[in-house]
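Please keep the sequence and the 3D view side by side while reading, and look for each part as it is named.

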Amino acid sequence: MTEKIVNGKELLEALSAPFPPQDIEWKVQSASKRNNATNLLVVPYIESRAVMNRLDCVCGLDWQSRFNKIEVGGKEAFQCELSVKINGEWITRTDAAEVSDYESVKGGHSNALKRAAVQFGIGRSLYDLPQFWVELKQRGEHLVWGKFKINGQMEQVSGYFDTPALPDWALPTGSKQPKPNKQNSKNESHSKNNNNTEQQDAIHHVKTLLQLLNIPMKFVKGLLERCGSKAGDLEKASVNELRSLYQVLSPVERYVSTCRNLRLGTEQMIYYAQIVLKVHLESLHSLYFKMDSATADEAIELAKADMQQAV
């Protein structure tokens, strides 16, 4: 059992320690092409479960979280009060995240917890990482399916990429870089389980987007139907149907994620999206089937420009 840390400085250092590569998730932010080779800009993030595991490991029972429903600019949000006992005293730091329009309490709690945890240093090192450009491949660890602006033109990008190698300083002491499994890569196209593997990869990536966008699983059937699928759930959907849903969700998630990093509220996100799309939006979830990679980029640039003028 790990000896309990009582020194405040050491405890904060332990909380802010780099995460092992297996705890880090990756998503595609943009794509570029040169000499007929496509490269992807991918960004790292962690899930709330990794945050809770870190708190359990470092603090044991000496941490607690409290969630309050608040109202910000006429919109409901969850505020997380994350408390850690340091030198016998409870220290509390607070942050918040908007409530999903679909009343996703779990998603609101998770996002608020992750934001509050950053204030204790948990996951903060991810913001110091350099940009990661990786090669688009026919097979790999992570699925890619979506439209991206490449050399001024919207292009459909599909394939896979492998996990980027993190710099040594971003790895826990004694941790090693994961090595891509190349042993079976030559035979994968002939494997009987190839289609099933591809489907499970697609399901994993769609589920990741659903969680990031706070979309409950009960709404998946309707989204699949709008993509032309009659499957009813992700497990029964074909790879192409899953890719279609991923293509619908991915630009919206990238737009919302970027706006959250800019500390924009839901009303502001809707405001900039409406300017670009030239339609009235009832909620952020109205962006599905309307926003693509090009309009997401345009809305992001508009929001950034406004923020720079306000400084």
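What follows is a walk through some helix contacts, a pair of strands, and the spaces inside the model.

The structure shown is a predicted model, and it is read here beginning with the part towards the start of the chain. Helix 1, made of residues 8-15, packs against helix 2 at an angle of about 150 degrees, and the axes of the two helices lie 10 Å apart. Because angles over 145 degrees count as roughly antiparallel, helix 1 is described as roughly antiparallel to helix 2. The crossing in which helix 1 passes helix 2 is right-handed. On the side of helix 1, the residues that meet the partner are Leu11, Ala14 and Leu15, while helix 2 brings Arg54, Leu55, Val58 and Cys59 to the contact. Sorted by class, this contact of helix 1 with helix 2 holds six nonpolar residues, no polar ones and one charged residue.

From the helices the reader can turn to two strands, each represented here by one residue. Glutamate 25 belongs to strand 1, which covers residues 25-34, and valine 43 belongs to strand 2, which covers residues 37-45. If residues up to four places away in sequence are left aside, glutamate 25 touches Val43, Pro44, Tyr45, Glu47 and His204. Counted in the same way, valine 43 touches Glu25, Trp26, Lys27 and Gln29. Distances between C-alpha atoms add to this picture: valine 43 and valine 28 are 15 residues apart along the chain, and their C-alpha atoms are separated by 6.5 Å. For glutamate 25 and valine 42, which are 17 residues apart along the chain, the separation of the C-alpha atoms is 9.9 Å.

Glu47, one of the residues that glutamate 25 touches, also appears at the second largest pocket, a space of about 430 Å³. This pocket is lined by 20 residues, and those closest to its centre are Glu47, Ser48, Arg49, Ala50 and Met52. Two or more lining residues come from each of helix 2 (48-59), strand 3 (63-72) and helix 3 (105-118), and it is helix 2 that gives the largest share, with seven residues. By class, the lining of the second largest pocket consists of seven nonpolar, seven polar and six charged residues.

Besides this pocket, the structure holds three cavities of 30 Å³ or more. The second largest cavity contains about 40 Å³ of space, and its lining is formed by Pro18, Phe19, Ile24, Ser125, Leu126, Leu129, Leu166 and Ala170. Which classes make up this lining of the second largest cavity? Seven of the lining residues are nonpolar, one is polar and none is charged.

The last stop is another pair of helices, further along the chain. Helix 6, residues 239-261, and helix 7, residues 266-277, have axes that come within 10 Å of each other and cross at roughly 130 degrees, which makes helix 6 oblique to helix 7. Helix 6 passes helix 7 in a crossing that is right-handed. In this contact, Tyr255, Val256, Cys259 and Arg260 come from helix 6, and Gln268, Met269, Tyr272 and Ala273 come from helix 7. The residues of the contact between helix 6 and helix 7 divide into six that are nonpolar, one that is polar and one that is charged.

Key: Residues are numbered from 1 along each chain as its sequence is written. This is a predicted model: local features need pLDDT of at least 70, side-chain atom pairs count only at pLDDT 80 or more; totals for chains, interfaces and linings use all residues. Side-chain values use heavy atoms; hydrogens and water are left out. Axes are lines fitted to C-alpha atoms, for helices over the stretch in contact, and angles run from 0 to 180 degrees between N-to-C directions. Helices (H or I, at least four residues) and strands (E, at least two) are DSSP runs, numbered from the N terminus. Angles under 35 degrees count as roughly parallel, over 145 as roughly antiparallel, 65 to 115 as roughly perpendicular and the rest as oblique. A crossing is left-handed if the near helix is turned anticlockwise from the far one by less than a right angle, and right-handed if clockwise. Contact means heavy atoms within 4.5 Å. Ala, Val, Leu, Ile, Met, Phe, Trp, Tyr, Cys and Pro count as nonpolar, Asp, Glu, Lys and Arg as charged, and the others, Gly among them, as polar. On a 1 Å grid over the protein atoms alone, a cavity is a set of points where a 1.4 Å probe fits but cannot get out, and a pocket is an open set with protein on both sides within 12 Å along at least five of seven lines; lining residues have an atom within 4 Å of a point. Grid points are joined across faces, edges and corners, and a volume is the space filled by probe spheres set on the points.
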